[in-house]
Each structure stands twice: as structure tokens, then as C-alpha cells.
Number of protein chains: 2
Amino acid sequence: MTNKSAAQPRRRASRAGLPPRMAVAVDLVILTLREDTLCALAIERGIAPFRGRWALPGGFVRAGESLEAAALRELEEETGVDAARAGHIEQLATFGDPQRDPRERVVSVAYLAIVPDLPEPRAGGDARDARVLPVATLLSGKVPLAFDHARILDAGVERARAKLEYSSLATHFCAESFTIHALRRVYEAVWGAPLDGPNFHRKVLNTPGFVVETDQMSSGGSGRPARLYRRGGAIQLQPPLLRAEPRAP
Amino acid sequence: MTNKSAAQPRRRASRAGLPPRMAVAVDLVILTLREDTLCALAIERGIAPFRGRWALPGGFVRAGESLEAAALRELEEETGVDAARAGHIEQLATFGDPQRDPRERVVSVAYLAIVPDLPEPRAGGDARDARVLPVATLLSGKVPLAFDHARILDAGVERARAKLEYSSLATHFCAESFTIHALRRVYEAVWGAPLDGPNFHRKVLNTPGFVVETDQMSSGGSGRPARLYRRGGAIQLQPPLLRAEPRAP
DNA sequence: TCAAAAGTGTTAAATGTACACCCATGG
DNA sequence: CCATGGGTGTACATTTAACACTTTTGA
């Protein structure tokens, strides 16, 4: 019916019904907050290709291993953070350009992980060095990333920005208990814009399931001690926290 | 861990540092509207495994072919709709459970396509039959889908529902020019809830870039002729069209 | 003239925004 | 007693939701 069957002597394997096999990898965008700055874990590659360049942590999926399991395994290998301590992990997108790896065809499934208080990473395996660097630095273009990792990182940051608005993702940047102020600093760091403190406070408390009060108070800092909260059960926020866009007068 | 690694000598390749190779497929959730009902294209499988069961259209990615190109090729093969006529196509998620295909390890990258006025599909290739069926039927469980395709379809429908709210996706269900009423019927079909006509009308017109007026009017139907509009340039809607949730009094 | 759909007006309620102001703590 | 951040109050602007009402067509 189409020209297809005629025009296709094309890859004998395919005609025989056997699909080509490809390597499948997972790459991780691991986000955390360091001094009110949005940061990601980056690896300095110790082997070719892109030796000496910064890259996202990742590795190949093993036979019999699910994609999610591979992502969690890589997360633990690179950071020492196990599934329980990881605040949040979700699949981001899949990158499969035929040229994205100069060695051979590699399809990479990217995952986004949020980790509170990411420990100083250990270089190991194929990595010459491993560091938690500001996202702004990594995306500035001054430190070109290996492969298509700049696009992957960008997708991860965009996903995080979008999800703060309508999900409880922000709480995963915080330790188990946190002040409303700390939560606000997460929003301000990820969105890169200041928010009104009083209104933010009310909005968070009026969003059912977002946070739950504890009977503890913060201590030590300057100023009045603040109440500590824990993550509530809500996954989606209704109504969403709006990303304030200053209105034109 | 599973009986699988025992059955295989665990691919010596993997121990030598060479990653295992896997087949990579694309599967398509192709949504359209038929008589105000959200429908998806389904294929009745003519070959094992799952012979005789309904499945989503899809196929293996070829060597040297990008994922997106594979998705567009499958879309055209199964529906005759080329990239230009497809309203919208986007990557949805990747499904890679080791057991999802009983033959061998297949990682499937799912795509979501929206096509206005999907033509009656032609069965061909490995398909015994091809039909446009209501999503509600396919997800009801009465017609079990092959592989993990119920999960994929569900993810596609959920993505479409969510994106109607904050993107101009709904316009891609419509022909090139359409009335505001037709656009509203898209929202009502996908969300499964009625919307207030007058308020919807204003909201659409007040959302910059959502639709642009033409100088033509609809003809033929009963009632007053309506103005026709085209898709505007906006991708994201600001403010979003809210999914009306009847308020508890 | 009636039914059906298009489109405009109107109003009460809910929400968002900006900022004044009091509270509790450490220096 | 002052700086710092925590938290509440409040007034105003904006948005939303509900629905009455007018317009324009085909039957």
C-alpha cells in the first residue's frame, strides 16, 4: 500500500524482524540547595570520550534491572544516598539522538532526584572528581558539559521549577522538619525571585496537606524562633502556589 | 535475582564492562475526538505475543533513527498522517520493566500524539485490525490491553488532561479553524465535566495568544453562526484555564 | 414563532497583593 | 534596646462563578 515494502532492502536485520540492539543508560539530575543556591551534582570524567569534561552522573542499565532500579543504584553509587534518604526521584525524559554518544548508539533515560543536604560527593569509578556545583554555573556555557548533558540538566531544572508550583516537591529539598521560612527560601532559590514572606506563610498553611505542624520550634538563629513543620501527605497542591509575576500597572 | 540471570550466563559482556544491548521501541498514544468522546487508536495484534489482544501502535527504533523520527514514522505507517498534519506529538515516558515483553528485554519510549479528525485506520503489517476506540472502553479493563499498554495509555490521557489546563494543547484536537464552542467540547470531553459556556468564551478570548480571530463564521449548524478562530502562537497559557471543581458550600 | 446556539452583562464571593504592625529572641 | 526574623491584620484590586439576558440563525 505504501512504497515501504518496495523501497526497503534496508537493513537485513530489520527485514528479518530482528530489531537493532542498543545500549541503554540512565543519567541523573541530582538537585540540592547549598547556601540558598540551586546546585547539581557533576562528575569530572576520567575516561574518553569527553575526558576531563564535566558530566551528569549516570551509567548503563544492567540486564534484568529496571530503569528505576538503575537510577537508584547510580544515585547511591555516586552520593551514598540510599532510596530511603533520597527526597524524591522521578523519570524526566529519554534522549536517544543517534549521535549523542560518539562511541555507539546509547539511549539515555534521564531521572530527576531531589536530595536534601547532599553530602560532599566522592569521586570514584570513572570519575576524576565529583562536585556539587551551582546550576547557573553548569548552564552558563563556560564549563561545557559532556554529551547532551546540558540539555538534560536544563530539562531537570525546568521540571523542578514547574513542579514547585503545583506539587509538594519543594519540601523534598528540606530536611525532615523545617520552618516555613526555609521552605520559602527553596522557592526563591529555584525560581530565582523573591516572594512576600507573610503571604507565602499563609498560603502554605492554607494549602491542605502541604505541611503539618509539629510541636517543636527552631532554635539558635537570630530573631524569633519559628515553628517547625513536616511534609504533609499531599502530592499535588490545590490551589497551586502561584509563581508571582509582578503585574504591570 | 530473577530466574532470568540464572537462565542467561549473565552476558559475559557485562562483566567485561560492556553494557548489555536491548531492543528499543516506540509506542504511540494517538488521541482524537469522535463525536465528543475521547478516543485512541488501537491495534489488534495478529502475531504472538498477545495475539488477538488490543495494543497501542508502535514498533522498533531503527539503527541511526532518532526516537522522534521513529515515532513520526510509526504515526504515518499506522494512520497515514504525516508530521505536518499531526496536530502535536511529544515524548511521554519510557517503560523499561525487564519483564514487560515476554520475548526479550524491550525498552519502550512512549509518545503522545494528538490528531484532529483521525482518518479510519488501515490494518496492516502485524495488525489484524485497527480501530479508533473510546479511551473509556480501552481503560475499563473489559478489553485487556497487551504488554503494559494500559499503563502507557493511562499516562497519555493523564498528560493530555493536565496539559489542557496550562497549554494550548486543546486546539490541536480541532481542525485548522474552529469555533469557541468546539474548543469547549474538547475540554469537556477530555476532562469529562461540563464547563460554563459564557465564562469559557471570555476566558479563552482573554488569554493572550490562545486563539486568533478570523473573518469567517461557521455555517450550517442550528443556531446562531459562530465566529471561527485559529490557533494562536501561545504554547503556555497565562493565566491557565482552570479545571472547575464545584466548590463545597 | 420556536428551539438552539452565540455572545454580553452583572453581581456576589473568593482570592491575591501589598504592606503596616506587633511578637520573641540574641547580641 | 535594637536588629532580625516570625507571624497576624487589613484594605484594596482582581478574578471567578453563576446565571439572566439579548442576538441570530434554521426549522
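Visitor: Hi! By what turn and shift can chain B be laid on chain A?

Guide: A turn of 180° and a shift of 0.0 Å along the axis do it, with an RMSD of 0.0 Å; the superposition is by least squares on the C-alpha atoms of residues with pLDDT of at least 70 in both copies. The two copies are thus related as by a two-fold rotation axis. Keep in mind that this is a predicted model, where local features need pLDDT of at least 70, side-chain atom pairs count only at pLDDT 80 or more, and totals for chains, interfaces and linings use all residues. Side-chain values use heavy atoms, without hydrogens and water, residues are numbered from 1 along each chain as its sequence is written, and chains are lettered from A and ligands numbered from 1 in the order in which they are written.

Visitor: Thanks. On to the DNA: how many residues surround strand C?

Guide: There are 20, counting a residue as near if one of its heavy atoms lies within 4 Å of the strand. Among the closest are A:Lys203 and B:Arg202. By class, the 20 split into nine charged (Asp, Glu, Lys, Arg), six polar and five nonpolar residues (Ala, Val, Leu, Ile, Met, Phe, Trp, Tyr, Cys, Pro), with the others, Gly among them, being polar.

Visitor: Which side chain has an N or O atom 3.1 Å from a base nitrogen of strand C?

Guide: That is B:Arg224, a polar contact (a pair of N or O atoms within 3.5 Å).

Visitor: And what lies 2.5 Å from a phosphate oxygen of strand C?

Guide: An N or O atom in the side chain of B:His181. For B:Arg227, a backbone N or O atom lies 3.0 Å from a phosphate oxygen of strand C.

Note on methods:
A polar contact is a pair of N or O atoms within 3.5 Å; within protein, one must be able to donate a hydrogen and the other to accept it, and residues adjacent in sequence count only if both atoms are side-chain atoms.
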